[in-house]
Amino acid sequence: MNPDTVLKQWNRLGAFFNVESAEKTPDIEQLLIETAVYCPMMPRLVAITVTWLTQYYRLVCRHRLAKFTGDIADTDTSAALGLILAMTKHYTSTDHFNLIIKMCHPVVPSKPLFHADRQSDALAKLANRHSSDLGCKWGLWCEDVQLKEDAIRPLNWLMDQNPSLQYRALFGGNLRASILEVLRFTPDAAQSESALARYCCVTRKAVREALDHLEFCQFVDRIHDARNVRISLKDKYLKLSV
């Protein structure tokens with residue numbers, strides 16, 4: 001993914017950027033990781049992302065995002081993601097991202113968040129002087145984010161353009177939402193309950209209980225064989241997930 005693609009995907013999710021929208025609904029968890037990669041290049045991206053999350057954090061599958069977070073190798077990306085989610089928590093008081101925030105690591109030694117402020121010692125010192133407490137905590141100096149609520153489209157537009165997000169909204173981004181999205185994006189996870197548990201960063205017991213509910217709701221099927229329980233999405237979910 002490149003910076004232009006990131007902006008196009010946010011446009012599809014109702015954030016105003018001066019680019020065309022992506023052709024299909026983005027993978028929100030992957031988009032958040034890519035946003036953490038590229039936000040030092042684009043200061044406005046941070047403010048827009050935090051604003052979007054304050055309104056729509058329940059559309060983020062937190063267990064799936066936790067798996068992606070655990071795979072981050074770059075400390076700058078980890079810290080930027082932690083900072084964005086911590087800012088969201090600051091404005092909403094939600095505990096939705098607590099699991100992911102605990103998995104992120106600050107940058108040591110500290111430095112400015114934005115590339116523009118890294119161009120000279122004088123700019124870096126200025127960024128340090130005006131940095132918010134959260135910026136200092138994560139080792140990425142930046143000022144407090146000013147929410148840009150007029151740059152985010154309303155919920156009815158978002159759902160009309162992205163009907164597959166209705167399932168995320170229905171389950172509030174909890175484990176059941178993560179299971180549905182993991183099964184859609186990662187076929188290997190469907191081979192067993194244990195594999196699905198690894199992709200969701202939870203216990204097999206938690207996955208089994210969530211699958212009980214999803215099966216009751218007629219979103220998944222479980223196929224029992226000699227060794228494992230394989231899981232598949234029902235057609236009605238796949239048809240909406242476009």
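Student: Is Glu29 buried or exposed, and at what relative accessibility?
Tutor: A caution to begin with: this is a predicted model, in which local features need pLDDT of at least 70 and side-chain atom pairs count only at pLDDT 80 or more, while totals for chains, interfaces and linings use all residues. Residue numbers start from 1 along each chain as its sequence is written, and side-chain values use heavy atoms, with hydrogens and water left out. Buried means under 20% relative accessible area, exposed over 50%, and partly exposed in between (1.4 Å probe, protein chains only). Glu29 therefore counts as buried, its relative accessibility being 0%.

Student: Which residue does the side chain of Glu29 meet in a salt bridge?
Tutor: A salt bridge needs a side-chain nitrogen of Lys or Arg within 4 Å of a carboxyl oxygen of Asp or Glu. For Glu29 the N to O distance is 2.6 Å. The partner is buried too, at 3% relative accessibility, and this partner is Arg168.

Student: How many residues apart in sequence are the parts that Glu29 and Arg168 tie together?
Tutor: Helices here are DSSP runs (H or I, at least four residues), as are strands (E, at least two), and both are numbered from the N terminus. Glu29 belongs to helix α2 and Arg168 to helix α10, so the pair joins parts of the chain whose separation in residues is 139.

Student: Which residues are linked with Glu29 in a network of salt bridges?
Tutor: Happily, there is plenty to look at, as the whole structure has 16 salt bridges. Besides Arg168, the network that holds Glu29 has Asp27, Arg64, Glu181 and Arg184.

Student: In which helix is Arg204, the residue that pairs with Glu193?
Tutor: The side chains of Glu193 and Arg204 form a salt bridge of 3.5 Å, N to O. Glu193 is buried at 3% relative accessibility, whereas Arg204 is partly exposed at 41%. The two are eleven residues apart, with Glu193 in helix α12 and Arg204 in helix α13.

Student: How far apart are the closest N and O atoms of Asp225 and Arg230?
Tutor: Asp225 is partly exposed, with a relative accessible area of 40%. Arg230 is partly exposed as well, at 34%. These two residues form a salt bridge, and their closest N and O atoms are separated by 3.7 Å.

Student: Which side chain of opposite charge is nearest to Arg12?
Tutor: Charges are counted with Lys and Arg as positive and Asp and Glu as negative, leaving out His and the chain ends. Arg12, in helix α1 (residues 3–12), is buried and has no salt bridge. The nearest side chain of opposite charge is 7.8 Å away and belongs to Glu23.

Student: Which side chain is joined to that of Arg12 by a polar contact?
Tutor: A polar contact is a pair of N or O atoms within 3.5 Å; within protein, one must be able to donate a hydrogen and the other to accept it, and residues adjacent in sequence count only if both atoms are side-chain atoms. For Arg12 the distance is 3.0 Å, and the partner is Asn162.

Student: Which residues have the most contacts inside the largest nonpolar core?
Tutor: A nonpolar core is a set of buried Ala, Val, Leu, Ile, Met, Phe, Trp, Tyr and Cys residues joined through side-chain atoms within 4.5 Å. The largest one has 53 residues, and those with the most contacts inside it are Trp10, Trp52, Leu81 and Phe97.

Student: Why is the pair of Phe171 and Phe219 edge-to-face?
Tutor: Rings of Phe, Tyr and Trp (its six-membered ring) pair if their centres lie within 6.5 Å, and planes under 30 degrees apart count as stacked, over 60 as edge-to-face and the rest as tilted. Both Phe171 and Phe219 are buried. Their ring centres are 5.9 Å apart, and the pair is edge-to-face because the planes stand at 90°.

Student: How many of the eleven residues of α11 are buried?
Tutor: Helix α11 is mostly covered. Its buried residues include Leu175, Ile179, Leu180 and Glu181. Of its eleven residues, the number buried is eight.

Student: Which residue caps the N-terminal end of α11?
Tutor: Look at the backbone nitrogen of Arg176, which has a side-chain oxygen 3.0 Å away. The residue that supplies this oxygen, and so caps α11, is Asn174.
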